[in-house]
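Visitor: Please take me on a close look at one part of this structure, and then follow the thread to its surroundings. Keep it plain, as I'm just starting out.

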Amino acid sequence: MDTTRRKIIQTLAAAGAVAGVTSVPAVAHAASTTAIIADDPVPEPIEGNLGATDPGPRNVAIDEMNPDTLAPPTTDAGIMPNLKFSFSNAHNRLANGGWARQVTITELPVSTDVAGVTMRLKEGAVRELHWHVEAEWAFMLNGRAQITCLDPQGRNFVDNVGVGDLWYFPAGFPHSIQGLQGGCEFLLVFDDGHFSAGSTFMLSDWFAHTPKSVLAKNFGVPESNFANLAPPSSRWVYPGQVPTSSAPVSDPYGTSPQSFTYHMMAQPPTQGKAHGRVRVVDSSKFRVSTTIAAALVEVEPGGLREMHWHPNADEWQYYIEGNGRMTVFAGAGTAATFDYQAGDVGYVSANMGHYVENTGKTTLRFLEIFKTDRYADFSLNQWMAVTPPALVQGDLNLPQQVMDALQKRKPIIM
Ligand code: MN
Ligand code: MN
């Protein structure tokens, strides 16, 4: 039986009077308030007088997750690139210590500036010591982790992070990640859409591709010490023991004076005009994060992340929870609407107008990620409010009620 499309509803009077009921359990006849099970109607590609039913073949589960693709608003027009890719559709790489999957320019071709990885580490499991060409920004989604890093002055860094914490490793800085009690899951963001998790510089890989005589000379020990090196195929993400300390190893150069972590949730949010809030973290607050700026947006049911655009960078989105939809306006009469839920990636090219509407019954939480050192946006509402009214009215022929409602401070969320 298909259980995914069933939900509990309350009978209003007689159970049989509820539309869509295909089978009425006997118990439902006994009391008018008994909860019964009914099928949701299958969504159809119909918008007003446009469209027609789809007799199939069709994938109803995918259609239900994408109502604005199945039946787009009539304001959508023209051809837009795909602006959605779910991590659930991304190939997963499984290892002894956990797993990781990626959404890069390969999966989402419009995403030139940013690539993302979600990674799970079991308790004690280690993401092998490594570095890469790209900078790495991260958001902790579940559990706790311990990270290590080193700066070019030879100063080390260790910190433990939990849900909502960030880290940032500049390009080339060597680092590690380890799951603490219960393990963890996190989102990694790289400042190049071409990033691939398979192209990092890993410690075991370098050892395996260096003559043992050179290893012996480099470390000043006999060559026999390198007879039983762990093969690279056994590392990457491998099981380990939870570390007992978060104190850095004694370092004659000292520990790094710059923090590679940031407690995003400790930062008070900026309240929207209504229905939500936002936390913006860029290099003005998280100094080391010079190539990635981010905003954690929370939109309550009925709320709207207002119509706006970003002048300085593309926006790469990661949806954490809830349901939302976004229309992206590309200019020249072109616009497209996409629906998003947990685990989805969205994308908006720089300067394209967009909104994000909470279409669900719970809080919508998502990250806006930008390849830049400073967050920047233009609010449509605020722009109109502080522009000579005659110009605004001349452009749009707006009634006075709209002019009176314009907000001189960015509403952020309405
Ligand atoms: Mn890394
Ligand atoms: Mn935006």
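Guide: Let's begin with a term we'll need right away: a polar contact is a pair of N or O atoms within 3.5 Å; within protein, one must be able to donate a hydrogen and the other to accept it, and residues adjacent in sequence count only if both atoms are side-chain atoms. The side chain of Glu-44 has such a contact with the side chain of Arg-58, at 3.1 Å.

A word on the ground rules. This is a predicted model, where local features need pLDDT of at least 70 and side-chain atom pairs count only at pLDDT 80 or more, while totals for chains, interfaces and linings use all residues; side-chain values use heavy atoms, with hydrogens and water left out. Residues are numbered from 1 along each chain as its sequence is written, and chains are lettered from A and ligands numbered from 1 in the order in which they are written.

Back to Glu-44. You'll find this residue in the loop between strand S2 (35–39) and strand S3 (46–47); strands (E, at least two residues), like helices (H or I, at least four), are DSSP runs numbered from the N terminus. Glu-44 is partly exposed, because its relative accessible area is 27%, and that label covers what falls between buried (under 20%) and exposed (over 50%), using a 1.4 Å probe and protein chains only. If we skip neighbours within four places in sequence, Glu-44 is in contact (heavy atoms within 4.5 Å) with Thr-53, Asp-54, Arg-58, Leu-70 and Ala-71. For a sense of scale, the C-alpha atoms of Glu-44 and Val-221 are 71 Å apart, with their places 177 residues apart along the chain.

Now hop over to the metal. The manganese ion (ligand 1) is held by His-130 (NE2), His-132 (NE2), Glu-136 (OE) and His-175 (NE2), at 1.9 to 2.2 Å. Such donors are N, O and S atoms within 2.8 Å of the metal (3.2 Å for Na, K and Ca), and water is not among the atoms, so sites may look incomplete. Along the chain the donors are spaced H-x1-H-x3-E-x38-H. His-130 sits in strand S9 (residues 126–131) and His-175 in strand S13 (residues 175–190), so the pair ties together parts that are 45 residues apart in sequence. His-130 and His-175 are both buried.

Stay with S13 for a moment: 14 of its 16 residues are buried. Two strands count as paired if DSSP finds at least two bridges between them. S13 runs antiparallel to S9, with three bridges, and Arg-127 has Ile-177 as its partner in S13. Strand S8 (residues 115–121) is also antiparallel to S13, joined by seven bridges, and there Leu-121 is matched with Cys-184. Strand S10 (residues 136–150) shares twelve bridges with S13, again antiparallel, and Asn-142 stands opposite Glu-185.

Last stop: His-310, in the loop between strand S20 (304–309) and strand S21 (315–321). His-310 counts as buried because its relative accessibility is 2%. The side chain of His-310 makes a polar contact with the side chain of His-308, at 3.1 Å. Strand S20 also belongs to an open, antiparallel sheet of five strands, in the order S23-S22-S25-S20-S27. Strand S23 (334–341) and strand S27 (378–379) are at the edges with a single partner strand each, so one side of each has no neighbour in the sheet.
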